[in-house]
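Hi,

Here is the structure I promised to pass on. Have a look at it first, and then read my notes below.

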Amino acid sequence: MDMEDMAQRILAGERRALARAITLVESGREDHRRLAADLLERLRGHGREALRIGMSGTPGVGKSTFIESFGCMLTEQGLKVAVLAVDPSSARSGGSILGDKTRMERLARDPNAYIRPSPSQSQLGGVARRTREAIDLCEAAGFDVILIETVGVGQSETMVAEMADLFLLLLAPAGGDELQGVKRGIMEMADILLINKADGALKTTAVRTCADYAGALRLLRKRPQDPQGFPKALTVSAVEESGMDTAWTEMQALAEWRRAHGHFVARRAAQARYWFEAEVREALLSRLKREPVKGAMRALAGQVEDGDLSATAAADQLMREYLMM
Ligand code: GDP
């Protein structure tokens, strides 16, 4: 595989080259990782900037349906849309498969859309790297909007928020008690809460739920990266495709404000730093699990158990001898 050729094809927007490149970054093989790193280096500094939108919500809240109607609205406006998925559960049980094309049929057929289902996976660290690299590839391929979908599980939401320029939380209409179910940390991460299913018999409940969330959001501390009125709650209906345009207008307004005030670039810089530090931690941890460090650790642990070495002294010795610290 010629990486320069692949880079050129991706920059030219060739779908098959993009798909192959994403397969490459998803691979755990050492030689594939080296090729992927080479490719990503070649693609750096292409000057394209997509709007990266993270999106979360519990299974059944309407993520697939929302992405389908929101995505189609964007492509109708002439925008190119990529959909990536982060699935935190290794056991992909029926119904909660993310980025499943059969649940986004219209968008999957759209030549201006690209949907990449979540790969079967190992640990979250690997998923984070793969997803970040897939985002970079889609951006290089000229996509205008990249939607990154995940389900409501704390860790994966934080991860997606750290990759996105905006973070949306999709919620269902619910009684007041259930509002408490949304963890404060996740509320604080969100830029826009979308109360879905505001149609038919659920409409009144959705409007009330939206007002409840709006009230809850007002109690949060104002963030410097937000203009007046954000974070905010809106109602949408993915099925009736209503509220999509308003939601998009709000997303654009927020992104524009952040661009104009330097927060957009600052956020990406902070994210790059966050991922660098995460990668270093990941690399150190993986060294602990490999020989010779693993064996040395086992031997030292034996000495600690026998009372021949203190825990601190043993740790110091390991760090000095194997991790050069
Ligand atoms: P996901 O698991 O979050 O991806 O949710 P789905 O998109 O698969 O939707 C779950 C169920 O909710 C499906 O039966 C959808 O038809 C339904 N649903 C999704 N969006 C809406 C909506 O806007 N209104 C109504 N009434 N139902 C919806």
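Let me start with a side-chain pair: Arg258 and Asp226 make a polar contact through their side chains, at 2.8 Å. Bear in mind here and below that this is a predicted model. Arg258 belongs to helix α11, which covers residues 244-260. Is Arg258 buried or exposed? With a relative accessible area of 1%, Arg258 is buried, since the cut-off for that label is under 20%. So if you want to find this arginine on screen, go to α11 and look for the side chain of Asp226 as its polar partner.

Next, the sheet. There is an open sheet of 7 strands, and the pairing is parallel. Reading across, the order is β3-β2-β4-β1-β5-β6-β7. Which strands stand at the edges? Those are β3 (113-116) and β7 (232-235). Each of the two has a single partner strand, so one side of each has no neighbour in the sheet. From one strand to the next, the twist averages 20 degrees.

I spent some time on β1, residues 51-57. In the sheet order, β1 sits between β4 and β5. How many residues of β1 are buried? The count is 7 of the 7, so the strand is largely enclosed by the rest of the structure. Both of its faces are covered. On one side you have Leu51, Ile53, Met55 and Gly57, and on the other Arg52, Gly54 and Ser56, all of them buried. Note that an arginine, Arg52, is in that buried set.

On the β4 side, β1 pairs in the parallel sense with residues 145-151 over 7 bridges. On the β5 side, 4 bridges join β1 to residues 166-171, again running parallel. Ile53 is a handy residue for getting your bearings: its bridge partner in β4 is Leu147, and its partner in β5 is Leu166. Further along β1, Met55 stands opposite Leu168 of β5.

Strand β4 tells a similar story. Here, too, 7 of the 7 residues are buried, so β4 is largely enclosed by the rest of the structure. Val145, Leu147, Glu149 and Val151 point one way, while Ile146, Ile148 and Thr150 point the other way, and all are buried. Glu149 is one of those buried residues, in case you are looking for acidic side chains.

Moving on to β2: this strand is joined to β4 by 6 bridges, and the two run parallel. Val81 has Val145 as its bridge partner in β4. Strand β2 takes in residues 81-86, with Val86 among them. Val86 is buried, at 0% relative accessible area. Although Val86 and Ala128 are 42 residues apart in sequence, their C-alpha atoms are 8.2 Å apart in space.

Now the ligand. Around it there are 15 residues, of which Gly60, Lys63, Thr65, Asp199 and Ala238 come nearest. What is the make-up of that shell? It divides into 4 nonpolar, 7 polar and 4 charged residues.

As for polar atoms facing the ligand, three are worth picking out:

- Gly60 has a polar backbone atom 2.8 Å from an oxygen atom of the ligand.
- Val61 has a backbone N or O atom at 3.4 Å from a ligand oxygen.
- Ser64 uses its side chain, with a polar atom 2.8 Å from an oxygen atom of the ligand.

On its own, the ligand has 580 Å² of accessible area, and the protein covers 73% of that.

One last stop is helix α4, residues 63-76, where you will find Ile67. At 0% relative accessibility, Ile67 counts as buried. Ile67 and Lys203 are 136 residues apart along the chain, and 20 Å separates their C-alpha atoms.

If you only have a few minutes, I would look at the ligand contact from the Ser64 side chain, the Arg258 and Asp226 pair, and the two partners of Ile53, Leu147 in β4 and Leu166 in β5.

Cheers

Terms used. Residues numbered from 1 in each chain as written. Predicted model: local features only at pLDDT ≥ 70, side-chain atom pairs only at ≥ 80, totals over all residues. Heavy atoms only, no water. Near = heavy atom within 4 Å. Polar contact = N/O pair within 3.5 Å; in protein donor to acceptor, adjacent residues only side chain to side chain. Areas by Shrake-Rupley, 256 points an atom, 1.4 Å probe, with all protein chains shown as cover. Nonpolar A, V, L, I, M, F, W, Y, C, P; charged D, E, K, R; others polar. Buried < 20%, exposed > 50% of the residue type's maximum accessible area, 1.4 Å probe, protein only. Pairing = 2+ DSSP bridges. Axes fitted to C-alpha atoms, helices over the stretch in contact; angles between N-to-C directions.
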